Amino acid sequence: MKYRSSTEGREIVKQDYRKKIIFSLDDFDEKGHLLQVVTIPANTRQRLHSHARQTEVFYILEGEAIITINDMDYPARPGDAFICSPGDVHNVWNQIDQEFRLVVFKINLPEGEEDSTWHEGA
């Protein structure tokens, strides 16, 4: 069993989102898992991207946004959930004046290598 309080975790800030790593690859007995909370700032569109090997499971915590997966737009609200399979091109577009927060559980994340391909503005 492992526990992390809400004050723990490593925060990483990128140009169009920030994430807080809750459980890293080292915390799981199984290989390739990671749990994080991602925040898309108000009025921000995340760059389109895909992953070669990993699956991502999204669970929406707060705010409203559009999640685009393979050219299909989906409204995302608290309580909604999504699965992005390897190769799915996706992003989040937060069009309102409030942060958008979601839990992202990564499955089959390769250790020690980048698995994201940025399709714009890398």
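Here is a quick tour of the sheet, the core, the main pocket and a few loop residues in this structure. Keep in mind that this is a predicted model. The piece to look at first is an open sheet of six strands, ordered E1-E2-E3-E11-E6-E9 with antiparallel pairing. The largest nonpolar core has 15 residues, and the largest pocket holds about 610 Å³ of space.

**The sheet, strand by strand**

- Start at the edges: strand E1 (10–13) and E9 each pair on one side only.
- Going from one strand to the next, the twist averages 25 degrees.
- E1 and E2 are antiparallel and share four bridges, and a hairpin of four residues connects E1 to E2.
- To find your place in that pair, look for Ile12, which sits opposite Lys19 in E2.
- Next along, E2 and E3 run antiparallel with five bridges between them; here Lys20 faces Val37 in E3.
- E3 then joins E11, again antiparallel, through seven bridges.
- Two handy markers for that pairing are Ile40, whose bridge partner in E11 is Phe100, and Val38, whose bridge partner in E11 is Leu102.
- On the E6 side, seven bridges join E6 to E11, and these two strands run antiparallel as well.
- Leu102 turns up here too, since Ile60 stands opposite Leu102 in E11.

**E11 and its two faces**

- In a regular strand, side chains alternate between the two faces of the sheet.
- E11 shows this nicely: Phe100, Leu102, Val104 and Lys106 point to one face and are buried.
- Arg101, Val103, Phe105 and Ile107 point to the other face and are not buried.

**The nonpolar core**

- Which residues have the most contacts inside the largest core? They are Phe58, Ile60, Ile67, Phe82, Phe100 and Leu102.
- The elements that give two or more residues to this core are strand E3 (34–40), strand E6 (55–62), strand E7 (65–69), strand E9 (81–84) and strand E11 (100–107).
- Phe82 is a good residue to click on: setting aside neighbours within four places in sequence, Phe82 contacts Glu56, Val57, Phe58, Ile60, Ile67, Ile69, Tyr74, Pro75 and Ala76.
- Two core residues also appear in the sheet pairings above: Phe100 is the bridge partner of Ile40, and Leu102 is the bridge partner of Val38.

**The largest pocket**

- The pocket is lined by 33 residues, and the closest to its centre are Tyr17, Lys19, Gln36, Lys106 and Ser116.
- Some of these are already familiar: Lys19 is the residue opposite Ile12, and Lys106 is one of the buried residues along E11.
- Elements giving two or more residues to the lining are E1, strand E2 (18–23), E3, strand E5 (49–51), E6, strand E10 (90–94), E11 and strand E12 (116–118).
- Which element gives the most to that lining? E3 does, with four residues.

**Loop residues worth a look**

- Gly63 is in the loop between E6 and E7.
- Is Gly63 buried or exposed? Gly63 counts as buried because its relative accessible area is 8%, under the 20% cut-off.
- Apart from residues up to four places away in sequence, Gly63 touches Ala76, Arg77, Pro78, Gln98, Glu99 and Phe100.
- Gly63 and Arg77 are 14 residues apart in sequence, yet their C-alpha atoms are 6.3 Å apart.
- Asn70, in the loop between E7 and strand E8 (72–76), has a phi near 50 degrees, a positive value in a residue other than glycine.
- Asn70 is partly exposed, with 37% relative accessibility.
- Asn108, found in the loop between E11 and E12, also has a positive phi, of about 65 degrees, without being a glycine.
- With a relative accessible area of 39%, Asn108 is partly exposed.

Definitions and conventions: Residues are numbered from 1 along each chain as its sequence is written. This is a predicted model: local features need pLDDT of at least 70, side-chain atom pairs count only at pLDDT 80 or more; totals for chains, interfaces and linings use all residues. Side-chain values use heavy atoms; hydrogens and water are left out. A nonpolar core is a set of buried Ala, Val, Leu, Ile, Met, Phe, Trp, Tyr and Cys residues joined through side-chain atoms within 4.5 Å. Buried means under 20% relative accessible area, exposed over 50%, partly exposed in between (1.4 Å probe, protein chains only). Contact means heavy atoms within 4.5 Å. Two strands pair if DSSP finds at least two bridges between them. Axes are lines fitted to C-alpha atoms, for helices over the stretch in contact, and angles run from 0 to 180 degrees between N-to-C directions. On a 1 Å grid over the protein atoms alone, a cavity is a set of points where a 1.4 Å probe fits but cannot get out, and a pocket is an open set with protein on both sides within 12 Å along at least five of seven lines; lining residues have an atom within 4 Å of a point. Grid points are joined across faces, edges and corners, and a volume is the space filled by probe spheres set on the points.
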